[in-house]
Amino acid sequence: YILIKAYRSKAVVDCKYKPQYKDHNPSLEHKRQLAEYTRLKSVYKKLKIPYNDVVDGIIVYSHQESPNYLLKEDLHRKRIEEYISFYKVGISLPVVK
């Protein structure tokens, strides 16, 4: 996983090579894995935030029709409804020619 600590943003990002996540929710296994990461004490210590704060969880999935970069505002567009502060975002992967 990757930690983001920027102005007003605190998140755990987990990358999955699952293009089907564009049209479907991530698997229960992947959502639970991200939930575990966002609740680790070590994550809160690295982010220097109190344990009662909510850390966003973001699943980044491969989607070749998406840009090959992410803007901060893209990270919170597609909510994963059954979890609090969980999101998903697609990004294009490099292509070898």
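**Exercise 1. Place Lys 48 and work out what is odd about its backbone.**

Lys 48 sits in the loop that runs between α2 (41–47) and β3 (56–62). Keep in mind throughout that this is a predicted model.

*Step 1.* Check the backbone: Lys 48 has a positive phi of about 55 degrees, although it is not a glycine.

*Step 2.* Set that against the usual picture. Most residues other than glycine have a negative phi.

*Step 3.* Now the surface. Exposed means over 50% relative accessible area, so Lys 48, at 70%, counts as exposed.

*Step 4.* Look for another case. Ser 85 also isn't a glycine, and its phi is positive at about 60 degrees. Ser 85 belongs to the loop between β4 and β5. Is Ser 85 buried or exposed? With a relative accessible area of 15%, Ser 85 is buried.

**Exercise 2. Find out what Lys 46 comes up against.**

*Step 1.* Locate the residue: Lys 46 is part of helix α2.

*Step 2.* Its relative accessibility is 55%, so Lys 46 counts as exposed.

*Step 3.* Which residue, 43 places away along the chain, has its C-alpha atom 8.5 Å from that of Lys 46? Leu 3 is the one.

**Exercise 3. Classify the aromatic pairs.**

*Step 1.* A pair of aromatic rings is described by the distance of the centres and the angle of the planes. Centres must lie within 6.5 Å to pair, and the count here comes to 2 aromatic pairs.

*Step 2.* Take Tyr 44 and Tyr 51: the centres are 5.9 Å apart and the planes make an angle of 75 degrees. Planes over 60 degrees apart count as edge-to-face, so that is the label for Tyr 44 and Tyr 51.

*Step 3.* Add the accessibility. Tyr 44 is buried at 4%, while Tyr 51 is partly exposed at 47%.

*Step 4.* Move on to Tyr 83 and Phe 86. Their ring centres are 4.9 Å apart and the planes are at 10 degrees, so the pair is stacked.

*Step 5.* Do the accessibility again: Phe 86 counts as buried at 1%, and Tyr 83 is partly exposed with 21%.

**Exercise 4. Go through salt bridges and see which sequence separation one of them spans.**

*Step 1.* Side chains of opposite charge can pair when their charged atoms come close. With a cut-off of 4 Å from nitrogen to carboxyl oxygen, the count is 4 salt bridges.

*Step 2.* Glu 82 and Lys 31 meet at 2.2 Å, N to O. Glu 82 lies in the loop between β4 (78–79) and β5, and Lys 31 in helix α1 (residues 28–38), so this pair ties together parts that are 51 residues apart in sequence.

*Step 3.* How accessible are the two partners? Lys 31 is buried, with 7% relative accessible area, whereas Glu 82 counts as partly exposed at 46%.

*Step 4.* Next, Arg 77 and Asp 74 form a salt bridge at 2.7 Å, N to O. Arg 77 is exposed with 58%, but Asp 74 counts as buried at 16%.

*Step 5.* Then there's the bridge between Asp 23 and Lys 22, at 3.4 Å, N to O. Asp 23 is exposed with 59% relative accessible area, and Lys 22 counts as partly exposed at 34%.

**Exercise 5. Describe the largest pocket and its lining.**

*Step 1.* Start with the volume: the largest pocket holds about 180 Å³ of space.

*Step 2.* The lining has 13 residues, and those closest to the centre are Ser 66, Asp 74, Lys 78, Val 89 and Gly 90. Asp 74 has already turned up as the salt-bridge partner of Arg 77.

*Step 3.* Which element gives the most to the lining? That's β5, with 3 residues.

*Step 4.* Sort the lining by class: 5 residues are nonpolar, 3 are polar and 5 are charged.

**Exercise 6. Map the surroundings of Ser 92.**

*Step 1.* Ser 92 falls in the segment after β5 (86–91).

*Step 2.* Buried means under 20% relative accessible area, so Ser 92, at 15%, counts as buried.

*Step 3.* Which residues does Ser 92 touch, leaving out those up to four places away in sequence? They are His 63, Gln 64, Ser 66, Pro 67 and Asn 68.

*Step 4.* Tie this back to Exercise 5: Ser 66, one of those contacts, is also among the lining residues closest to the centre of the largest pocket.

Technical notes:
Residues are numbered from 1 along each chain as its sequence is written. This is a predicted model: local features need pLDDT of at least 70, side-chain atom pairs count only at pLDDT 80 or more; totals for chains, interfaces and linings use all residues. Side-chain values use heavy atoms; hydrogens and water are left out. Helices (H or I, at least four residues) and strands (E, at least two) are DSSP runs, numbered from the N terminus. Buried means under 20% relative accessible area, exposed over 50%, partly exposed in between (1.4 Å probe, protein chains only). Contact means heavy atoms within 4.5 Å. Rings of Phe, Tyr and Trp (its six-membered ring) pair if their centres lie within 6.5 Å; planes under 30 degrees apart count as stacked, over 60 as edge-to-face and the rest as tilted. A salt bridge is a side-chain nitrogen of Lys or Arg within 4 Å of a carboxyl oxygen of Asp or Glu. On a 1 Å grid over the protein atoms alone, a cavity is a set of points where a 1.4 Å probe fits but cannot get out, and a pocket is an open set with protein on both sides within 12 Å along at least five of seven lines; lining residues have an atom within 4 Å of a point. Grid points are joined across faces, edges and corners, and a volume is the space filled by probe spheres set on the points. Ala, Val, Leu, Ile, Met, Phe, Trp, Tyr, Cys and Pro count as nonpolar, Asp, Glu, Lys and Arg as charged, and the others, Gly among them, as polar.
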